[in-house]
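Me: Could you walk me through this structure, one question at a time? I am new to it, so please explain the terms as we go.

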Amino acid sequence: MREKEEQFKVAHREALIGVGLVIFNFIWWYGFAYGMGSKKPEEYTYVFGLPAWFFYSCVLGFIVMAILVTVVVKKFFVEIPFEEEPEK
Amino acid sequence: MNWQALVPLIGILLIIFAVGVWAGKSLRSSTSFLQDYFLGGRSMGGFLLAMTMTATYGSASSFIGGPGTAYTQGLGWVLLAMTQVATGYFVLMILGKKFAIVTRRYNALTLVDFLKERYQSKWVVLLSAISIIIFLFSAMAAQWIGGARLIESLTGISYTSALFIFALSVLIYVTVGGFRAVALTDAIQGSIMFVGTLILLIAVIIAGGGITSIITDLRVENPNLITPFGAEGTLTPAYVSSFWLLVGVGVVALPQIAVRAMSYKNSRSMHRAIIIGTVVVGVIMLNMHLIGVFARPILPGIEVGDKVMPLIALEVMPAWLAGIVLAAPMAAIMSTVDSLLLLVSSTLVKDIYLNYVQPNASNERVKRLSFGITALLGIFVFIMALDPPNLIIWLNLFAFGGLEAAFIWPIVMGLYWKKGNKYGALASMVSGVALYILSDQFFPQPFGMHSVVLPVFISFVFYVVVSMMTDRKLSANL
């Protein structure tokens, strides 16, 4: 029973990490898109030919999330057994 | 008929077909038929899991119109589509290990199994089974229509024959192969989508004379196309942000996604799937929708959104390559359909027949029934898709939002909140679905948000309040 509690503790912590990542992802996405994209199109700056708001929000944002997710999973996620002990 | 494009497409269908038959072989010798047929024996590895989830997410994006809408709306729609990147990690992290442990303990094979054990209520089971059957059946019929239209536009054969070819190829491998065949073909289809959209995007950029020149063309045509606000300036931040709920985090509650979150082998495959899934979903979403936007200066004046992908592919690439790449949208549709078909059939066989009609049915009988019902459902959808009744089309519009409104709290709170009980779950399901349909009919876009947002919040309140109120009653009875 104690072992079960430990496993659930791990599962709960990782679910909270998921919520944290989504909030960060949303702020990044929203901030760049509407922070930089609300200017008039004539005043836009460009990165690699794309409007800067789009590049930072969608392209760079995605790359950052992919790296962040990889690091988080590799560093903080724990491997636990799913089965209820040897019965099988 | 465009044979050069058609041959690679047929080739891919044949490979998928062969995989189905091969996966069916291992099924015939299986001892625990139900678990193998509907869940692939809980043996999915990381890559397979990531791919089958990605391919199934594809349905959410065809729901929001995909590349065709990006073509009309510009970069604002790509911004909206990128809300789906979150599904790549969020679903597996939230359902995650808790779901894996709990469903193993309950020995649950379907989402309804999980709800049944968690809430111990016949009404929760019946209500969820009914919502799955109604909403997913309509979603499936709509996808079949799309698949047949794609074959029709590519080959020039009639809609009926196209539908027949499509139906036959899906039916054969789902019926004989079960979940493992579906997951394997999803992996092939996901890979095709990944590589295919990448090649097509590069070809489109070259044909348009580089990104800078494409963006300049768009700005000259209509400056709104390169803003986050859509061609007419109608995409408000509140509206676009609400898609985080509809196609982002809310996806947790889709039964076809949830069932995949109980199919994996161990923690390691889950960890790998999170990383691979995030990258693959992001790349496919970004590429697919950018193709839609970038196609606009190259091929102006396309009226029907669904034709953007096939037309642009045939325009910028040699026909044989276009054929391979066009297998991608085809693959997306097929992989959605096959998982829905299997899910509806598992709901009927496992959740209704075995629970309430004949709990002691023999393994042999269940086996025959599973094959039979899957095939029968397929034929039924085929007939529906021949001449789609308006009811199906109407229901399909609500399918994803409706399922999310129904299941999000019973699943998530059921996992993480001990006090949640059957009354709360029932209240939340009924209020979620009813409010969603009502709000969509009479009060679309409250506060500028998509009509799914408010019902999801209100059904949360219902879940918590009703659970707490009845909590005392339940414990008083003990």
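Me: How many salt bridges does a search of the whole structure find over all chains?
Reply: Happy to help! This is a predicted model, where local features need pLDDT of at least 70, side-chain atom pairs count only at pLDDT 80 or more, and totals for chains, interfaces and linings use all residues. Side-chain values use heavy atoms, with hydrogens and water left out, residues are numbered from 1 along each chain as its sequence is written, and chains are lettered from A and ligands numbered from 1 in the order in which they are written. With a salt bridge taken as a side-chain nitrogen of Lys or Arg within 4 Å of a carboxyl oxygen of Asp or Glu, the number found over all chains is five.

Me: By about how much of a helix are Glu6(A) and Lys9(A) separated?
Reply: The side chains of these two residues form a salt bridge, with N to O at 3.8 Å. Glu6(A) is partly exposed at 44% relative accessibility, while Lys9(A) is exposed at 55% (buried is under 20% relative accessible area, exposed over 50%, partly exposed in between, with a 1.4 Å probe and protein chains only). Both sit in helix α1 (residues 2-37) of chain A, and because they are three residues apart there, their separation is about one helical turn. Helices here are DSSP runs of H or I with at least four residues, strands are runs of E with at least two, and both are numbered from the N terminus; for this pair the answer is about one helical turn.

Me: Which residue of chain A meets Arg268(B) in a salt bridge?
Reply: Arg268(B) is exposed, with a relative accessible area of 53%, and its partner is partly exposed at 45%. The salt bridge has an N to O distance of 3.3 Å and joins Arg268(B) to Glu79(A). This pair crosses between chains, from helix α14 (residues 267-298) of chain B to the segment after α2 (52-76) of chain A, where we find Glu79(A).

Me: How many residues apart in sequence are the parts tied together by Asp113(B) and Lys350(B)?
Reply: Asp113(B) is buried at 6% relative accessible area, and Lys350(B) is buried at 12%. Their closest N and O atoms are 3.0 Å apart in a salt bridge. Asp113(B) belongs to helix α8 (residues 111-119) and Lys350(B) to helix α16 (residues 319-357), both of chain B, so the pair ties together parts whose separation in sequence is 237 residues.

Me: Is Val240(B) buried or exposed?
Reply: Val240(B) is found in helix α12 (residues 237-248) of chain B. Leaving aside neighbours within four places in sequence, Val240(B) has contacts (heavy atoms within 4.5 Å) that include Trp29(A), Tyr34(A) and Leu79(B). With a relative accessible area of 0%, Val240(B) is buried.

Me: How far apart are the end C-alpha atoms of residues 53-73 of chain A?
Reply: UniProt, in an unreviewed entry, lists residues 15-33 and 53-73 of chain A as "transmembrane region"; its positions are given in the numbering used here, feature names are shortened, and annotations may be inferred rather than shown by experiment. In the model, residues 15-33 are 100% helix and 0% strand, with end C-alpha atoms 27 Å apart. Residues 53-73 are likewise 100% helix and 0% strand, and their end C-alpha atoms are separated by 28 Å.
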